[in-house]
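Work through the exercises below with the structure open. Try each task before reading its solution.

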Protein chains: 2
Amino acid sequence: MTTNKQIHLVSRPSGEPTTGNFKLVEAPVPTLQDGQVLVRNHFLSLDPYMRGRMNDAKSYAQPQPLNEVMGGGTVGEVVESRNPAFKVGDKVVGMGGWQQYHVVSAEQRGALRVVDTTHIPLSAYLGAVGMPGVTAWYGLVKIIEPKAGQTVVVSAASGAVGTAVGQLAKVRGARAVGIAGGPDKCAYVVNELGFDACIDYKQHKDAKSLSAALKEACPDGVDGYFENVGGMVLDAVMLRANAFSRIALCGMISGYNGEPIPMAAPQLLLTNRMRLEGFIVSEHMEVWPEALKELGTLVATGKLKYRESVAQGIEAAPEAFLGLLKGRNFGKQLVKLI
Amino acid sequence: MTTNKQIHLVSRPSGEPTTGNFKLVEAPVPTLQDGQVLVRNHFLSLDPYMRGRMNDAKSYAQPQPLNEVMGGGTVGEVVESRNPAFKVGDKVVGMGGWQQYHVVSAEQRGALRVVDTTHIPLSAYLGAVGMPGVTAWYGLVKIIEPKAGQTVVVSAASGAVGTAVGQLAKVRGARAVGIAGGPDKCAYVVNELGFDACIDYKQHKDAKSLSAALKEACPDGVDGYFENVGGMVLDAVMLRANAFSRIALCGMISGYNGEPIPMAAPQLLLTNRMRLEGFIVSEHMEVWPEALKELGTLVATGKLKYRESVAQGIEAAPEAFLGLLKGRNFGKQLVKLI
């Protein structure tokens, strides 16, 4: 019988999570019932939102139950099927979780989507042509609504979401300015992705200093800000915000371990008549088809580039996830399972 | 020759303003040119936004120039006219400033509007049927967009804007909860205006305590918040915000003297997928006709009530204005000039 290695969450972190919160478990691959499909997961997606699910606190995502397989997006291949809608060899995207195999039943409509890998690599369906890409698309197109010539700033610019935000902004004729951690990431988003500028936040010890750098990178101010990190970075961008600017609030990773991350000067939201909107892409399923169409076309034609950090083997998932929370990844963080 | 008493701004405050920032000046009433109208001001409107104009700093409002008449809304009567569009005796609304008389030229289109005082008292055009009323209407109708059964909270609830917010929310079938300073103001908005509840923020020393009181007053959470004060009050309301709730950011009077007013937990904007929008009603002139129609009808039929704090004589304007900034007014703050 084939073994299915899984990672379970076995305890909740207080503050910073550790590998001790996770446990490797071996389970048998289940025998299929009528209507079920067995998927072998090729890649597992690691995403910042998973940190929130490790807590028991009320948030937009349901807490991850203890002693169960960590949830998460996966791409893989159908290796056995008792469902006429799927055949062995189909490449599929789903929510397979942190494990090598998963079973999908017929009643879980929409839980598994067959994808075409002729022009788009399978792993991209977890990144630029998946949830992170649509997240970028929604925040940029539906909240920031950039006009040609306007300036869009994005934090965590070299990450799975940030890279897409900047490139989608460029497609719309906007100026794209990134904020990222370290000279390599900054060079990448400017030289490889075509951002107009990128600021290394690690060179700035406070919002005032970062804001001065932003002034240089954004001579006409900031019209739209796509926020992934919060804290000092948000304060700095707000100091450069134009009248009627928009903030798409997608993540605030700097506070995910419970650190206080006050907004220093909320009065700027008033004096600049800003609009700020928090969102979760899974609550806007109506935009996915339109977004995926644009993202897929751009990736297939080489106009939307991305980078992946790939950890090897399910055993590496916890460590890779902790690295993601510390910004050690460079681009989309994946775990390769085969 | 008639004398025109005026109040000039003669210095800018550092921190809290004082009466010394103002000066009483006597000027002659000018002789009219062709096309001009002379208005005798009956009431002068005092509004929190004027505090911002006392500073030299960049803000949405142009700074008030030094050694000139303080700007401000007025209602009055045409006492002399060399413009066929206005006749002596017309009751008019305008931006006459802190003075007894003002002259309007023909080229200042829209600077003077004739109003009907058959069913609406003249002073109401500076309050419920004027800028404060439209401010309430815009933030409530265009940003908060309350549905019947939802809960709307408003701070500075007994003020010119707050009283209208709560009553307009009730007209739309929402639950209206006020936050005000002191038992008299709270009793007024509940007993006279029909708010469902009102919390005296002076009974609470921090956001946690105020938030606990809000929990009781808003058993189903907060769907919309109309913000006039900022600081601890905003923090408290955010702790009770529902998913997809909206904040109309109209004022943050607690920080108008330069006090830091950080927002303690901006991550709530994300976890609750909130929308926050700062606005200035003068930038949304397109809604004024619709808003004034509803506000005028409600006032004329007694369904929109209001209260006025009336200071006597132009000399009293500076002191009354400083009192407004400290919340000493009860309802719309006016200065009666005749």
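**Exercise 1. Determine how the two copies meet.**

Start with the shared surface. Of the interface residues of chain B, 100% are also interface residues in chain A, so the copies meet through the same surface. Contact here means that C-beta atoms, placed from the backbone, lie within 7 Å.

Before going on, note the ground rules. This is a predicted model: local features need pLDDT of at least 70, side-chain atom pairs count only at pLDDT 80 or more, and totals for chains, interfaces and linings use all residues. Residues are numbered from 1 along each chain as its sequence is written, while chains are lettered from A and ligands numbered from 1 in the order in which they are written.

Next, count. 25 residues of chain B are in contact with 25 residues of chain A. On the chain B side, α7 (267-271) and β14 (275-278) each supply at least two residues. Helices (H or I, at least four residues) and strands (E, at least two) are DSSP runs, numbered from the N terminus. By class, this side of chain B has 14 nonpolar, seven polar and four charged residues. Ala, Val, Leu, Ile, Met, Phe, Trp, Tyr, Cys and Pro count as nonpolar, Asp, Glu, Lys and Arg as charged, and the others, Gly among them, as polar.

Last, superpose. A rotation of 180 degrees with 0.0 Å of shift along its axis puts chain B on chain A, with an RMSD of 0.0 Å. That is the relation of a two-fold axis. The fit is by least squares on the C-alpha atoms of residues with pLDDT of at least 70 in both copies.

**Exercise 2. Trace the sheet that contains strands of both chains.**

Write out the order. 12 strands form an open sheet: β11(A)-β10(A)-β9(A)-β12(A)-β13(A)-β14(A)-β14(B)-β13(B)-β12(B)-β9(B)-β10(B)-β11(B), with mixed pairing. Two strands pair if DSSP finds at least two bridges between them. Find the edges: β11 of chain A and β11 (197-200) of chain B each pair on one side only.

Now look where the chains join. β14 (residues 275-278) of chain A runs antiparallel to β14(B), with three bridges. There, A:E277 has B:R275 as its bridge partner.

Then move outward in chain A. Four bridges join β10 (residues 175-180) to β11(A) in parallel. A:I179 is bridged to A:I199. Helix α5 (residues 207-217) of chain A packs on the sheet and touches β10 and β11 of chain A; its direction makes about 170 degrees with that of β11(A). Axes are lines fitted to C-alpha atoms, for helices over the stretch in contact, and angles run from 0 to 180 degrees between N-to-C directions.

**Exercise 3. Classify A:L193 as buried or exposed.**

Locate A:L193 in the loop between α4 (183-192) and β11 (197-200) of chain A. Apply the cut-offs: buried needs 20 or more other C-beta atoms, placed from the backbone, within 10 Å, exposed 12 or fewer, and partly exposed lies in between. A:L193 counts as buried because it has 22 C-beta neighbours inside 10 Å. Beyond four places in sequence, its contacts are A:T163, A:G166, A:Q167, A:Y188 and A:K305.

**Exercise 4. Find the buried face of α9(B).**

List the buried residues of α9 (residues 317-325) of chain B: B:A317, B:P318, B:A320, B:F321 and B:L324. Seen down the helix axis, they fall within an arc of 165 degrees, so they line one face. The arc is that of the directions from the axis to the C-beta atoms. Just after α9(B), B:G327 takes a positive phi of about 75 degrees.

Conventions:
Two residues are in contact if their C-beta atoms, placed from the backbone, lie within 7 Å.
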